[in-house]
Amino acid sequence: MSGDWVPTRPRQLIAAKFNSPGPGRYLLPGSTGINFHDKTKHQAAAFSFGIRHHKFYDDCSPGPAYLVDSRYSRNGKSGEPHYSLYGRPRDQKAFSTPGPGTYSPEQAGKSAHFSAPCYSLASRTKGSKFDKSPAPNSYMLPSILGGKSVAKRSYPVFSITGRSKIGGFDEDLQGTPGPGTYRVSDPSIYKTKAPLYSMTARNQLPSDSTRKPGPGAHSPEKVSVNKNRRPAYSFGIRHSDYIAPLIVDCSD
């Protein structure tokens with residue numbers, strides 16, 4: 001029967017169950033060019049085009065930029081011998097051999113003679129006060145009650161949980177939306193739309209709002225451009241650029 005079929009484990013590996021990496025997995029060397037050529041195939045001679053070299057200059061001297069002394073030639077310096085004066089050197093200090101009183105064998109210490117062990121009492125070190133080693137009560141053994149025991153064998157444990165929303169009788173497997181999910185459409189979309197009217201504010205008639213002068217704004221009696229005018233004289237004072245102004249001291 002088909003319901004009693006149980007898959008069996010093969011005794012050996014079956015090659016059809018494994019996928020090969022394909023030809024693109026391996027990077028085989030090519031047979032063209034000179035770089036990374038296949039060593040198992042014949043390689044023909046390859047030639048390349050070079051570049052034009054710069055001109056080589058034979059004269060590499062800096063020119064007459066240096067002032068060479070006339071006493072120097074290709075054979076060295078020519079001329080009479082030269083001498084210099086130095087100070088009198090100091091005499092070398094003779095080696096002073098140490099006498100018998102220079103050494104102190106009584107201060108040699110443990111390196112020269114045997115000494116008994118010495119012990120001393122010191123104060124408590126500061127490291128013990130700041131030691132962060134945990135105390136004996138910092139450790140806690142795991143509980144052997146329940147199903148969380150590590151070293152002990154535990155019996156099956158059952159618990160009572162609340163009602164789950166998944167797998168219950170009220171679970172919505174299809175996920176259908178409710179009535180409130182949809183928005184009510186306007187009837188004017190699928191029916192004949194009635195005319196709509198709106199009320200606006202009163203419009204103002206176009207007019208000129210600039211201010212215009214009235215009859216009393218003009219003074220025709222003061223106009224003397226189109227009439228004959230008698231000469232007019234005025235009495236003034238004599239002014240001079242060299243007369244100092246009158247200064248009155250008001251401090252008193």
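Where along the chain does Phe-36 lie, relative to E1? Phe-36 lies in the segment before E1. The legends below start with the whole chain and then move to single residues of this predicted model.

**Figure 1. Overview of the predicted protein chain.** The protein chain holds one helix and two strands. Along the sequence, these elements follow the pattern β-β-α. Of the 252 residues, 1% are buried. The accessible surface of the chain is about 29,900 Å². Carbon and sulfur atoms account for 57% of that surface.

**Figure 2. Close-up of Phe-36, a residue with positive phi.** Phi of Phe-36 is near 55°. The value is positive, and the residue is not glycine. Phe-36 belongs to the segment before E1. Is Phe-36 buried or exposed? Phe-36 counts as exposed because its relative accessible area is 76%, and the cut-off for exposed is over 50%.

**Figure 3. Close-up of His-37 and its contacts.** His-37 is also placed in the segment before E1. Its relative accessible area is 9%. The cut-off for buried is under 20%, so His-37 is buried. A polar atom of the His-37 side chain sits 3.2 Å from the backbone oxygen of Ser-31. Which residues does His-37 touch, leaving out those up to four places away in sequence? They are Pro-29, Gly-30, Ser-31, Thr-32, His-42 and Gln-43. Ser-31 thus appears both in this list and as the partner of the 3.2 Å approach.

**Figure 4. Close-up of Asp-38, a buried residue without a salt bridge.** Asp-38 is found in the segment before E1. What is the nearest side chain of opposite charge, and how far away is it? It is Lys-41, at 4.6 Å. A salt bridge needs the two charged groups within 4 Å, so the Lys-41 side chain, 4.6 Å away, forms none with Asp-38. The side chain of Asp-38 does make a polar contact of 3.0 Å with the side chain of Thr-40. Not counting residues up to four places away in sequence, Asp-38 touches Pro-29 and Gly-30. Pro-29 and Gly-30 are also among the residues touched by His-37.

**Figure 5. Close-up of a nonpolar surface patch.** Which residues form the patch? Tyr-66, Val-68 and Tyr-72 do. Together they offer about 400 Å² of accessible area. Val-68 lies in the segment before strand E1, which spans 72–73. Val-68 has a relative accessible area of 64% and is therefore exposed.

Notes
Residues numbered from 1 in each chain as written. Predicted model: local features only at pLDDT ≥ 70, side-chain atom pairs only at ≥ 80, totals over all residues. Heavy atoms only, no water. Patch = residues over 30% accessible without salt bridge, like charges linked within 9 Å, V, L, I, M, F, W, Y side chains within 5 Å. Areas by Shrake-Rupley, 256 points an atom, 1.4 Å probe, with all protein chains shown as cover. Helix = DSSP H or I, 4+ residues; strand = E, 2+ residues; numbered from the N terminus. Buried < 20%, exposed > 50% of the residue type's maximum accessible area, 1.4 Å probe, protein only. Lys, Arg positive; Asp, Glu negative; His and termini not counted. Polar contact = N/O pair within 3.5 Å; in protein donor to acceptor, adjacent residues only side chain to side chain. Contact = heavy atoms within 4.5 Å.
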